[in-house]
Amino acid sequence: MNIHEYQAKQIFAKYDVPIPKGKMIEKAEDAIDAAKEIGGNIWVVKAQIHAGGRGKGGGVKLARSLDEVEKYASEIIGMTLITHQTGPAGKLVKKVYIEGGIDIKKELYLGMVLDRAKELPVMMASTEGGVEIEKVAAEMPEKIIKVEIDPLTGFQGYHARELAFGLNLSKEQIKEFGKFAKALYKVYSLNDASLVEINPLVLTADDKFIALDAKMGFDDNALFRHKDILEMRDLDEEDPAEIEASEYGLSYVKLDGNVGCMVNGAGLAMSTMDIIKLEGGEPANFLDVGGKASASTVAKGFEIILKDPNVKAILVNIFGGIVRCDRIANGILEATETTRVEVPIVVRLDGTNAKEAIEIIGKSSLTNIISATDLGDAARKVVKAAKGV
Amino acid sequence: MSILVNKTSRVIVQGFTGKEGTFHAEQCIAYGTNVVGGVTPGKGGQTHLGRPVFNTVKEAVKATETDTSLILVPPAFAADAIMEAAAAGIKVIVCITEGIPTRDVIIAKKFTDKQGATLIGPNCPGIITADEAKVGIMPGFVFKKGKVGLISKSGTLTYEMANQVVLADLGISTAIGIGGDPIIGTTIIDLLKLFEKDKETEAIVIIGEIGGDMEIQAAEYIKENITKPVVAFIAGRTAPKGKRMGHAGAIIAGSKGTAQEKMDALTKAGVTVVDSPADIGVKVREILNK
């Protein structure tokens, strides 16, 4: 789960990670009051969407008067912001964050993420702040300093020193940086974050560190113990079909092709997409019905797949283990009773109770069902069906 | 021979009396697994499925000399269960549970390593040594005895692939589902080492997927250390970047962890990489019959 910048900064504040004064608003008419409350004579108005690259897309503006604050707030709220992360359709902005201006001496980068190969969280720092860190990693990997942190020892002084010396900080700055980094580690570890990123981390004219931006993502598996974070979930940022699917225990990701797929198991679902592509088709979605698939979840799966008007044929690929194929077969029949399925359905059922399932399908009066014997056969048949031949 | 589990393994089930625990323990027993008991805190002293129930793993070890544990407890308690098993001296710990917080897995894994135990999973189908022992949730009937060792990050895809290997008249020695989470107990390399030494295994199948770089590390290891033929498939060539494909670990971050990158590394290491998930069975037969 991801959250907005202003929410990440609320969490930062709780752990004494310094942030600029700021306020989130949803109506442009509140902009001037917010700016007055923040104080000063220069403000930044920032669009709150989950995607990065907001500045380049016109979603971040520097305001030099209260009038400008209001002007930019009204321009940004309601705009459709397109960045390299939103996709071509862009994202409707509903909230802006107004922040006091900061006297910037230097822009740095500081982040924390799980290193899967090392099996530990790592904190990363770089002198190359304010630019895309992926670019720095690819072009100048020596400019990124990394320290692994064992959760059993926690964040120690040497972690901070390694990073600080790597950033060429002065003696006074090192002390301040150490406090900052330690607080950031708390933000990461105590909230089961999967990512914390500050880009840029600003060194101010008076040698203080302050988080100018803030990005946070969380380990979905740990959300059960962070009710406060779960409340920060913004459903506007998620695909409605994916939300609906998850409510029924289905894992769904929409893609651009025309062959719908319904599969049990994430690995088999991905492989099914792959083989459709190999046979010359394009998958319309990833859909894992999970290990507890019942007739009604299968019916729901059909409903979600068919909401996508591009879908020209559906492949049901089930290898029954715990999931019994006869239940899936009944689900297919139930679905075709409740939802009008006009596209051809290629069905491949193997494993537990496959024989019974094939009988159930065979006895039905459905005319748009095509049986397949194995994975390869199923893929060829569904691609053909989607092409209408 | 075979690896990790066989008919002499003395297996307990943690979460024994729960719905999942009961169902899968029954299935394991039906397969012929030597299930010697189970653990459910607060239900010690009872008998379940004809086997004793204990309050703690320590008591189970004392009474049954168990060496293998199958964990089927809810995610909030699973890391605790893993560490309890390791502390009690269990050597092979198979954790099926899906949805354990990553931070908990990191800590549990460090502890199992320290105790010298092998942790399989979490979020995996478990281990099966064909016709000997099933310590997991896979459909046993698919896995017919044979000479192919199987290592997989996935669940149902493992059954699909094992089925293909069986239909190609080769059969399975041991199959292990290592799990699809970002951090897992036993890696592909750990199992390659065991299969290389196992006399019963003549060829190894690796079923990887997008995310992380475990397959790339395995490729480097295979090049230097594995003499048996290896056939691999990587799921997720068509997966979009930045989208989690079901498994918590199956996500392409930036340009890293793509299927193509892994396929290239494995091919370079001399592994036969199949493009189509439907070709695993035929390919292994082709190589073994050469």
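Which residue in β10(A) is the bridge partner of A:Glu107? Keep that in mind as you click around this predicted model.

**Stop 1: a strand with two neighbours**

Select residues 104–115 of chain A, which make up β7(A). Now add residues 193–204 of chain A: this is β10(A), and eight bridges join it to β7(A), with the two strands running antiparallel. Look for A:Val202 in β10(A), because there's your answer: it is the bridge partner of A:Glu107.Next, select residues 120–126 of chain A, the strand β8(A). Here β7(A) pairs again in the antiparallel sense, over seven bridges. One pair to pick out is A:Met112 with its bridge partner in β8(A), A:Met123.

Zoom in on the turn. β7(A) and β8(A) form a hairpin with four residues between them. Click A:Glu119 in that turn, which has a positive phi of about 60 degrees.

**Stop 2: a sheet in chain B**

Hop over to chain B and look for an open sheet of seven strands. Walk across it in the order β9-β8-β11-β10-β12-β13-β14, and you'll find mixed pairing. At the edges sit β9(B), residues 133–136, and β14(B), residues 272–273, each pairing on one side only.

Stay at the β9(B) edge and select residues 126–129 of chain B, which are β8(B). Four bridges join these two antiparallel strands. Among the residues here, B:Ile127 has B:Val135 of β9(B) as its bridge partner.

**Stop 3: where the chains meet**

Finally, show both chains together. You'll find 46 residues of chain B in contact with 43 residues of chain A. On chain B's side, try selecting α3 (75–87), α4 (102–115) and α5 (156–167), the elements that each give two or more residues. The largest share, six residues, comes from α4(B). Colour chain B's side by residue type and you get 22 nonpolar, 14 polar and ten charged.

How values were computed: Residues numbered from 1 in each chain as written. Chains lettered and ligands numbered in written order. Predicted model: local features only at pLDDT ≥ 70, side-chain atom pairs only at ≥ 80, totals over all residues. Contact = placed C-beta atoms within 7 Å. Nonpolar A, V, L, I, M, F, W, Y, C, P; charged D, E, K, R; others polar. Pairing = 2+ DSSP bridges.
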